[in-house]
Amino acid sequence: MAYSECKWCYGNGCNQCETERRKAVAKWEKDGPQPIFTAKLDDPDAMQALNRVCGREALVEAFGPDGRGVKDIELNACIENMLDILKIENPIEG
Ligand SMILES: [Zn+2]
C-alpha cells in the first residue's frame, strides 16, 4: 500500500511506504498535528504571506479545474515557510 508522504517514493509505492506511514502516525500521536503555516496578525508581511497560502486567489486556484486541492495549499505554505527562513538567514540591509 502506497503512503502518499513517503520520503523514498513520494507516494508511488515502495517497500518503505508502510514503515514511513507508521513513523508518521507515531510522530503525530506523540506531537499532535502541527500547523502548516502561522502568521502574526500584527505583521503585514506575514499577513500577505498568509494570503498567498490560503487567501481567496490561492483557494480558487487550488480548488479550480487545474488545481490539486489541499496539496497546493500545503505547497504554498511550504514555499512561504522557506521564504521566511531565507529572510531570517539573509536579512536585506536598509
Ligand atoms: Zn514509498
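Helices (H or I, at least four residues) and strands (E, at least two) are DSSP runs, numbered from the N terminus. Residues are numbered from 1 along each chain as its sequence is written. This is a predicted model: local features need pLDDT of at least 70, side-chain atom pairs count only at pLDDT 80 or more, and totals for chains, interfaces and linings use all residues.

**Exercise 1. Confidence and fold**

Task: State how confident the predictor is in the chain, then give its secondary structure pattern.

Solution.
- Start with pLDDT, the predictor's confidence in each residue, from 0 to 100. The chain has a mean of 91, and 98% of its residues reach 70 or more.
- Go helix by helix. Confidence is lowest in α1 (residues 17-31), with a mean of 91. It is highest in α3 (residues 56-62), at 97.
- Count elements. There are 4 helices and 0 strands. Along the sequence this reads α-α-α-α.

**Exercise 2. Overall shape**

Task: Set the radius of gyration of the chain against that of a compact globule of 94 residues.

Solution.
- Apply the rule. The radius is taken over C-alpha atoms, and the globule value is 2.2 Å times the number of residues to the power 0.38.
- Compare. A compact globule of 94 residues would come out near 12 Å, but the chain has 16 Å.
- Check the extents. The C-alpha trace spans about 50 × 35 × 25 Å along its principal axes.
- Look at the domains, whose bounds come from an automatic or database domain assignment. Domain 1 covers 1-33 and domain 2 covers 44-89. Their centres, taken over C-alpha atoms, are 24 Å apart.
- Add burial. A residue is buried if 20 or more other C-beta atoms lie within 10 Å of its own, exposed if 12 or fewer, and partly exposed in between; C-beta atoms are placed from the backbone. Of the 94 residues, 11% count as buried.

**Exercise 3. Helix α1 and its end**

Task: Test the length of α1, and decide whether this helix is buried or in the open.

Solution.
- The expected span is 1.5 Å times one less than the number of residues. For the 15 residues of α1 that gives 21 Å, and the end C-alpha atoms are 21 Å apart, so the two agree.
- Of those 15 residues, 1 is buried, so α1 lies largely in the open.
- Glycine 32 follows α1, with a positive phi near 80 degrees. Glycine 32 sits in the loop between α1 and α2. It counts as exposed because it has 7 C-beta neighbours inside 10 Å.

**Exercise 4. An unusual phi**

Task: Describe the backbone and surroundings of tyrosine 10.

Solution.
- Recall the background. Most residues other than glycine have a negative phi.
- Tyrosine 10 is not a glycine, yet its phi is positive, about 55 degrees.
- Place the residue. Tyrosine 10 belongs to the segment before α1.
- Tyrosine 10 is exposed, because 12 other C-beta atoms lie within 10 Å.

**Exercise 5. The nonpolar core**

Task: List the residues of the largest nonpolar core and name the helix that gives the largest share.

Solution.
- Define the set. A nonpolar core joins buried Ala, Val, Leu, Ile, Met, Phe, Trp, Tyr and Cys residues through C-beta atoms within 7 Å.
- The largest has 6 residues: Ala49, Leu50, Val53, Ala62, Ile73 and Ala77.
- Two or more residues each come from α2 (44-54) and α4 (70-89). The largest share, 3 residues, is from α2.
- Take one member. Contact means C-beta atoms, placed from the backbone, within 7 Å. Beyond four places in sequence, valine 53 contacts Phe37, Ala58, Ile73, Asn76, Ala77 and Glu80.

**Exercise 6. Two cysteines**

Task: Give the location, exposure and contacts of cysteine 6 and cysteine 54.

Solution.
- Cysteine 6 is in the segment before α1. With 19 C-beta neighbours inside 10 Å, cysteine 6 is partly exposed. Past four places in sequence, cysteine 6 touches Gly11, Cys14, Gln16, Cys17 and Glu20.
- Cysteine 54 is in helix α2. With 16 other C-beta atoms within 10 Å, cysteine 54 is partly exposed. Leaving out residues up to four places away, cysteine 54 touches Leu59 and Ile73.
- Add a distance. The C-alpha atoms of cysteine 54 and alanine 77 are 8.3 Å apart, with their positions 23 residues apart along the chain.

Notes: Contact = placed C-beta atoms within 7 Å.
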